[in-house]
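Me: I should like to learn how to read the features of a protein model. May we work through one together?

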Amino acid sequence: MAEPESPESAARPAAAPAPYILFPGTAARALERYQHIFGGTLALFSYAEFARTDGPGEHIAHGMLRGALTLYAADAAAGEEAVSTQGLMLSLLGTAPPETLHGWFDQLAEGGTVLDPLARKAWGASDGQVRDRFGVHWLIGYEPEK
């Protein structure tokens, strides 16, 4: 049984997970591309700035994009695996007006692979899937306007 809502919990927004993606040396380029697509504020910190010695000093130890969406990313250190999104999609369902979602989809598709075009489906909603040039799998869509 769920706990009753307290005044403190009612005032706070629900927590939502934010992806933290490990890239194979492409974190800066990926986050800069996502900033170009989604806007927002980008902060990048190198291995050297964090005094890390488990990778090249110019690689990204921690990066944050905050705006229309929140993403965290870094370059995978020695012994860490880089992003592989089998069975996982980053969902942007209903997160913006349809024209914005189509624009995001088209930009993510540049240099990537359209897995399912963003179009109206038999159930009435519009959605599509794309794997971007950095290997991240996105699901983008929206319900019909009423």
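Reply: The following turns take a strand, the aromatic rings and a pocket in order. Please keep in mind that this model is predicted.

Me: Let us begin with the strand β1. Which side chains of β1 point to one face and which to the other?

Reply: In a strand, one looks at the direction of each side chain in turn. Along β1, residues 20-23, the side chains alternate. Ile 21 and Phe 23 point to one face and are buried, whereas Tyr 20 and Leu 22 point to the other face and are not buried.

Me: In what sense do β1 and β4 pair, parallel or antiparallel?

Reply: One reads the sense of the pairing and then the bridges. Strand β1 pairs with β4, residues 70-75, in the parallel sense, over four bridges. One of the bridge partners is Ala 74 in β4, which is matched with Leu 22.

Me: I turn now to the rings. How many aromatic pairs does a search of the whole structure find?

Reply: The search finds eight aromatic pairs. For a pair, one reads the distance between the ring centres and the angle between the planes. The rings of Tyr 34 and Phe 38 have centres 6.4 Å apart and planes at 45 degrees, so this pair is tilted. Both residues lie in helix α2, residues 27-38, and are four residues apart, about one turn of the helix. Tyr 34 and Phe 38 are both buried.

Me: Why is the pair of Tyr 34 and Trp 138 classed as edge-to-face?

Reply: The planes of Tyr 34 and Trp 138 stand at 70 degrees, with the ring centres 5.6 Å apart, so the pair is edge-to-face; the cut-off for that class is over 60 degrees. This pair links distant parts of the chain, since Tyr 34 is in helix α2 and Trp 138 is in strand β8, residues 137-142, 104 residues apart. Both Tyr 34 and Trp 138 are buried.

Me: Which residues form one aromatic cluster?

Reply: Phe 23, Tyr 34, Phe 38, Trp 104, Phe 134 and Trp 138 form one cluster. Phe 23 is also one of the buried residues of β1.

Me: Finally, how is empty space found, and what lines the largest pocket?

Reply: Rolling a probe the size of a water molecule over the atoms shows where empty space is left. Here the largest pocket holds about 230 Å³ of space. Its lining has 13 residues, and Pro 19, Leu 69, Thr 70, Ser 91 and Leu 92 lie nearest the centre. Strands β4 and β5 (90-93) each give two or more residues to this lining, and β5 gives the largest share, three residues. By class, the lining has ten nonpolar, three polar and no charged residues.

Technical notes:
Residues are numbered from 1 along each chain as its sequence is written. This is a predicted model: local features need pLDDT of at least 70, side-chain atom pairs count only at pLDDT 80 or more; totals for chains, interfaces and linings use all residues. Side-chain values use heavy atoms; hydrogens and water are left out. Buried means under 20% relative accessible area, exposed over 50%, partly exposed in between (1.4 Å probe, protein chains only). Two strands pair if DSSP finds at least two bridges between them. Rings of Phe, Tyr and Trp (its six-membered ring) pair if their centres lie within 6.5 Å; planes under 30 degrees apart count as stacked, over 60 as edge-to-face and the rest as tilted. On a 1 Å grid over the protein atoms alone, a cavity is a set of points where a 1.4 Å probe fits but cannot get out, and a pocket is an open set with protein on both sides within 12 Å along at least five of seven lines; lining residues have an atom within 4 Å of a point. Grid points are joined across faces, edges and corners, and a volume is the space filled by probe spheres set on the points. Ala, Val, Leu, Ile, Met, Phe, Trp, Tyr, Cys and Pro count as nonpolar, Asp, Glu, Lys and Arg as charged, and the others, Gly among them, as polar.
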